Amino acid sequence: MSSGIDSLCERLTSYLAPEQVAEVRRAYLFSEQAHSGQFRRNGDPYVTHPLAVAHILCDMHMDHQSLMAAMLHDVIEDTGVSKDTLSSEFGSEVASLVDGVTKLTQVHFNSKAEAQAENFRKMILAMTQDVRVIVVKLADRLHNMRTLDVLTPEKRKRVARETLEIYAPIALRLGMNDIRLEFEELGFEAIWPMRAERIRHAVLAARGHRKEMVLSLEAALGERLGNEGLKARVSGREKHLYSIYQKMREKQRSFSEIMDVYGFRVIVDNVDACYRALGIVHNLYKPIPGKFKDYIAIPKTNGYQSLHTVLKGPRGVPIEVQIRSEAMEAMASNGIAAHWLYKSDSFTNTSQTRAREWMKSLLELQRNAGDSMEFIENVKIDLFPDEVYIFTPKGRIMTLPRGSTPVDFAYAVHSDIGDTCVAARVDNRLAPLSLPLTTGQTVEIVTAPGARPNPGWLDFVVTGRARAKIRHYLKDQQEGESRDLGRRLLEKALSGLGSRLDAIPEKRRRKILNELGMREQDELLESIGLGNQVPQIVARRLVPEDELPAVRKPLFRRSSEGIAIRGTEGLVVSYARCCRPLPGDDIMGYLSAGRGVVIHRHKCRNIASETRTNPDKCLPLRWSDKVDREFQSELRIALANQRGLLAEIAREVTDSDANIEHINVEEKGSHHGVMQLGLLVKDRIHLARIIKRIRVLTGVDKVTRVRA
């Protein structure tokens with residue numbers, strides 16, 4: 001293999017110092033020895049793989065430490081060489097790069113998916129410390145994708161799907177477009193070989209018909225730019241197979257419709273020349289309204305800059321034109337790697353800065369994620385490339401994924417604004433928090449000091465940051481609420497045994513926690529509040545039989561003596577949909593695992609059944625004297641099919657200071673119907689007052705409260 005390393009070192013001398021090339025060679029020799037006796041599936045010595053990865057990095061002019069890491073990137077995982085050994089041989093930076101790319105092999109995971117997610121999280125965190133980790137990993141993945149044929153069909157598709165879902169979007173996010181395109185082409189061919197082959201044949205067949213038109217348009221654009229004294233390179237853009245396939249599938253277009261559009265790239269010297277070229281091509285062919293995008297003034301999040309326009313060419317054919325400078329072209333192809341390839345401050349200021357901002361956001365996602373599976377889900381959301389550009393009231397531009405809402409915008413501005421968001425003004429008009437935003441809108445967030453995130457926001461937020469922040473808050477809130485509720489439930493159960501939590505000796509409490517596999521008392525209280533532990537059973541374990549009073553207090557008391565429900569317990573107390581209890585009703589609670597306490601009306605058939613089968617999980621409850629919130633209730637109204645009656649019922653509800661949640665009317669014959677009316681009311685008396693007002697209306701036959 002000496003010819004392989006000699007060839008690489010010869011290439012490296014064009015941009016690296018001799019002593020750095022020598023270090024790369026030394027790393028190769030170490031890797032060759034470490035992988036001695038190991039072979040790839042195709043029979044080649046294993047060291048051919050790290051050497052090929054180094055060649056890919058050489059194309060990007062990456063620094064010698066990245067190349068050394070490429071040579072050594074599998075030694076920790078596959079040969080038993082430790083990170084400490086690498087550090088002493090090649091320095092801590094190279095060792096850290098190798099460790100960042102290395103999978104976790106010593107840790108046991110419950111599933112393949114969990115192992116992949118945790119390995120991905122480890123790599124991303126290493127990347128936030130040194131971006132070269134992901135560049136080495138992308139080069140490693142690229143060579144693996146180029147040699148997929150030796151794998152079994154099942155593994156080939158798994159690796160290709162992971163590449164399309166994770167690594168191609170990461171390459172796009174870092175502006176490394178050339179690598180991203182190759183990932184997509186190779187992944188497409190591996191997952192859908194027959195579709196790729198059919199599209200390839202169709203493209204080759206169409207190329208012959210298109211050739212004359214492409215040459216004609218290319219010459220016309222070049223000639224006009226030259227006549228105006230503008231130095232420019234004009235070239236036709238090839239359509240990639242995966243891109244064609246995606247457009248056919250997502251936009252429901254035929255192959256001929258996609259191939260009817262001709263793409264060209266115009267490369268000029270500087271930014272001023274870009275806008276001059278735009279004016280020239282708009283004078284040559286008419287622009288199609290609404291198809292112009294200025295990514296120079298407002299770059300994409302990965303630093304990509306270009307002018308995009310669509311023109312109506314000869315015989316009405318659409319022409320897509322991208323206009324950019326030489327520096328922008330290098331950035332569009334190589335992204336963050338352009339920093340090493342061109343050693344220019346301009347690349348540092350664009351790709352490096354934006355990459356650092358993105359990595360900072362990844363660290364925040366990591367801190368807020370509950371586990372590696374949630375983290376990878378949030379990163380996947382964050383990697384979607386389609387963007388909208390939204391203005392703050394002060395004119396600052398925020399870049400968000402397509403489909404983002406005012407809540408996403410609020411969290412993008414600042415976490416505190418997202419947490420306390422209550423309303424939004426879009427272009428000076430009040431708008432729903434779930435409204436999808438479009439480019440150019442100005443958004444102002446209205447906040448309130450006491451406001452908190454709503455669990456319902458998770459149904460419509462798009463960004464990983466917003467989703468992670470909301471989940472993190474709700475998790476913390478649920479933990480606090482479940483601890484409080486758990487303490488109240490346990491104290492109530494202990495009082496029935498003539499004891500209290502503070503009176504239980506520390507040694508006994510610690511013994512019970514150990515038996516339950518818990519470390520802290522708060523963990524036990526939280527588990528009780530979430531319904532995972534039954535307070536009466538825990539109480540019996542905490543109070544031994546010989547310490548019970550002579551006359552044992554009954555464990556279940558009358559409802560009037562139960563735990564008081566205030567209506568503000570939050571996520572760990574919910575109200576049964578079967579019977580919809582209201583303040584004033586006799587109530588009973590049921591401990592549901594993971595949900596906390598579910599409150600039923602005392603006479604509900606469901607709670608009666610649970611009392612017989614799971615008596616320990618049923619709790620006596622009562623309403624607090626001060627309940628300040630609204631509760632869902634439902635009425636069934638038998639009525640005549642009479643014009644205006646629906647409006648009268650709605651008016652009576654509104655005049656009674658209640659809110660209508662939903663109305664559903666079902667006809668029962670030609671003259672009568674039944675209305676299901678969902679309401680938000682304060683208590684049983686409030687509902688009774690509404691029922692009384694509706695009953696007296698002409699045309700209303702009967703009003704009943706829906707019960708289980």
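Which residues is L72 in contact with, leaving aside its neighbours within four places in sequence? In this predicted model, the answer takes in A27, F30, S31, L86, F90, V94 and V98. L72 also belongs to the largest nonpolar core, a group of 71 residues. Within that core, the residues that touch the most other members are L8, L57, M71, L72 and L86. L86 thus appears twice here, once as a contact of L72 and once in the list of best-connected core members. As a general background to such groupings, nonpolar side chains tend to be buried together in soluble globular proteins.

One contact of L72, the residue F30, offers a helpful second viewpoint. F30 is part of helix 2, which covers residues 18-34. Not counting residues up to four places away in sequence, F30 touches L72, V81, L86, E89 and F90. L86 and F90 are therefore listed for F30 as well as for L72, given that contact means heavy atoms within 4.5 Å. The chain also brings F30 and V75 into view together: 45 residues apart along the chain, their C-alpha atoms are separated by 9.3 Å.

The largest nonpolar core, with its 71 residues, has a counterpart elsewhere. Another core, of 51 residues, lies apart from it and includes I512, F631, V653 and I690.

Attention now turns to a sheet. Three strands form an open sheet in the order 10-9-11, and their pairing is antiparallel. Strand 10 (429-431) and strand 11 (443-447) are the edge strands, each pairing on one side only. On average, neighbouring strands of this sheet are turned by 35° against each other, direction ignored. Strand 9, made up of residues 421-426, pairs with strand 10 over 3 bridges in the antiparallel sense. For R425, the bridge partner in strand 10 is L430. A helix accompanies these strands: helix 20 (residues 406-413) lies across strand 9 and strand 11, and runs at about 80° to strand 11.

How confident the predictor is can be followed along the chain. The protein averages a pLDDT of 83, and 85% of the residues score at least 70. Among the elements of the protein, the highest mean pLDDT, 94, belongs to helix 28 (residues 684-695), and the lowest, 54, to helix 17 (residues 338-342). Over residues 344-348 the pLDDT is below 50, and this stretch has 10 contacts in the model beyond near neighbours in sequence. Residues 551-560 also have a pLDDT below 50, with 25 contacts in the model beyond near neighbours in sequence.

How values were computed: Residues are numbered from 1 along each chain as its sequence is written. Side-chain values use heavy atoms; hydrogens and water are left out. A nonpolar core is a set of buried Ala, Val, Leu, Ile, Met, Phe, Trp, Tyr and Cys residues joined through side-chain atoms within 4.5 Å. Buried means under 20% relative accessible area, exposed over 50%, partly exposed in between (1.4 Å probe, protein chains only). Helices (H or I, at least four residues) and strands (E, at least two) are DSSP runs, numbered from the N terminus. Two strands pair if DSSP finds at least two bridges between them. Axes are lines fitted to C-alpha atoms, for helices over the stretch in contact, and angles run from 0 to 180 degrees between N-to-C directions. pLDDT is the predictor's confidence in each residue, from 0 to 100.
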